[in-house]
Amino acid sequence: MALPCLSCGKDIGLDLTFIIKNPISKCPFCDIILNFTVDKDIRNKFSKALSDIEDIKKKYEKTTNFK
Ligand SMILES: [Zn+2]
């Protein structure tokens, strides 16, 4: 699920993964600073969930196509 820029509404491909990895980023269209700094615990939980998903994918990639 990608979100547009919160200021100018242009699609800059914001999604949860990007926000977690880049909590503070700049819109290339309107130069606004987007600050998504979230609670550290939430970020850790999300990172853990992402790596769990990667582990599951690796485990089953030989038999299942996740595309
Ligand atoms: Zn913008």
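The chain of this predicted model is divided into two parts, domain 1 covering residues 1-36 and domain 2 covering residues 38-67. Taken over C-alpha atoms, the centres of domain 1 and domain 2 are separated by 22 Å. Where the two meet, the contact draws 4 residues from domain 1 and 5 residues from domain 2, and the side of domain 1 that touches domain 2 is made up, by class, of 3 nonpolar residues and 1 polar residue, with no charged residues.

In terms of secondary structure, the chain contains 2 helices and 4 strands, and when read along the sequence these elements follow the pattern β-β-α-β-β-α. The radius of gyration of the chain is 15 Å, well over the 11 Å that the globule rule gives for 67 residues, and the chain is therefore more spread out than a compact globule. Along its principal axes the C-alpha trace spans about 45 × 30 × 15 Å. The count of buried residues is in keeping with its own strict cut-off, under which a residue needs 20 or more other C-beta atoms within 10 Å of its own: of the 67 residues of the chain, 0% count as buried. As for contacts along the sequence, among those with a separation of 6 or more, 17% are accounted for by residues 24 or more positions apart.

The confidence of the prediction can be followed through the elements. The mean pLDDT of the chain is 85, and 96% of its residues reach 70 or more. Among the elements, helix H1, residues 16-21, has the lowest mean pLDDT, at 81, whereas strand E3, residues 24-26, has the highest, at 89.

Within domain 1, which runs over residues 1-36, the region around strands E3 and E4 can be described through three residues. Leu 34 is found in strand E4 and counts as partly exposed, because it has 17 C-beta neighbours inside 10 Å. Not counting residues up to four places away in sequence, Leu 34 touches Leu 6, Ser 25, Lys 26 and Cys 27. A further pairing links Leu 34 with an earlier part of the chain, in that Leu 34 and Ser 7 are 27 residues apart in sequence and 8.8 Å apart in space, C-alpha to C-alpha.

Cys 27, one of the residues that Leu 34 touches, has its place in the loop between E3 and E4. Cys 27 also has 17 C-beta neighbours inside 10 Å and so counts as partly exposed. With residues up to four places away in sequence left out, the contacts of Cys 27 are Cys 5, Ser 7, Cys 8, Ile 12, Ile 32 and Leu 34. The C-alpha atoms of Cys 27 and Lys 10, which are 17 residues apart along the chain, are separated by 8.9 Å.

Asp 31 lies in the loop between E3 and strand E4, the latter spanning residues 33-35. Although Asp 31 is not a glycine, it has a positive phi of about 65°. Asp 31 counts as exposed, because it has 9 C-beta neighbours inside 10 Å.

Turning to domain 2, which covers residues 38-67, the element to follow is helix H2. Helix H2, residues 40-60, has 21 residues and reaches 30 Å from its first C-alpha to its last, close to the 30 Å expected at 1.5 Å a residue. Of the 21 residues of H2, the number buried is 0, and the helix therefore lies largely in the open.

Two lysines illustrate this setting. Lys 45 lies in helix H2 and is exposed, because 11 other C-beta atoms lie within 10 Å; its C-alpha atom and that of Gly 9, 36 residues apart along the chain, are separated by 29 Å. Lys 48 also lies in helix H2 and counts as exposed, because it has 10 C-beta neighbours inside 10 Å. The C-alpha atoms of Lys 48 and Ser 7, which are 41 residues apart along the chain, are separated by 30 Å. In an α-helix there are 3.6 residues a turn, so residues three or four places apart point the same way.

Definitions and conventions:
Residues are numbered from 1 along each chain as its sequence is written. This is a predicted model: local features need pLDDT of at least 70, side-chain atom pairs count only at pLDDT 80 or more; totals for chains, interfaces and linings use all residues. The expected span of a helix is 1.5 Å times one less than its number of residues. A residue is buried if 20 or more other C-beta atoms lie within 10 Å of its own, exposed if 12 or fewer, and partly exposed in between; C-beta atoms are placed from the backbone. Domain bounds come from an automatic or database domain assignment. Two residues are in contact if their C-beta atoms, placed from the backbone, lie within 7 Å. Ala, Val, Leu, Ile, Met, Phe, Trp, Tyr, Cys and Pro count as nonpolar, Asp, Glu, Lys and Arg as charged, and the others, Gly among them, as polar. pLDDT is the predictor's confidence in each residue, from 0 to 100. The radius of gyration is taken over C-alpha atoms; the globule rule is 2.2 Å times the number of residues to the power 0.38.
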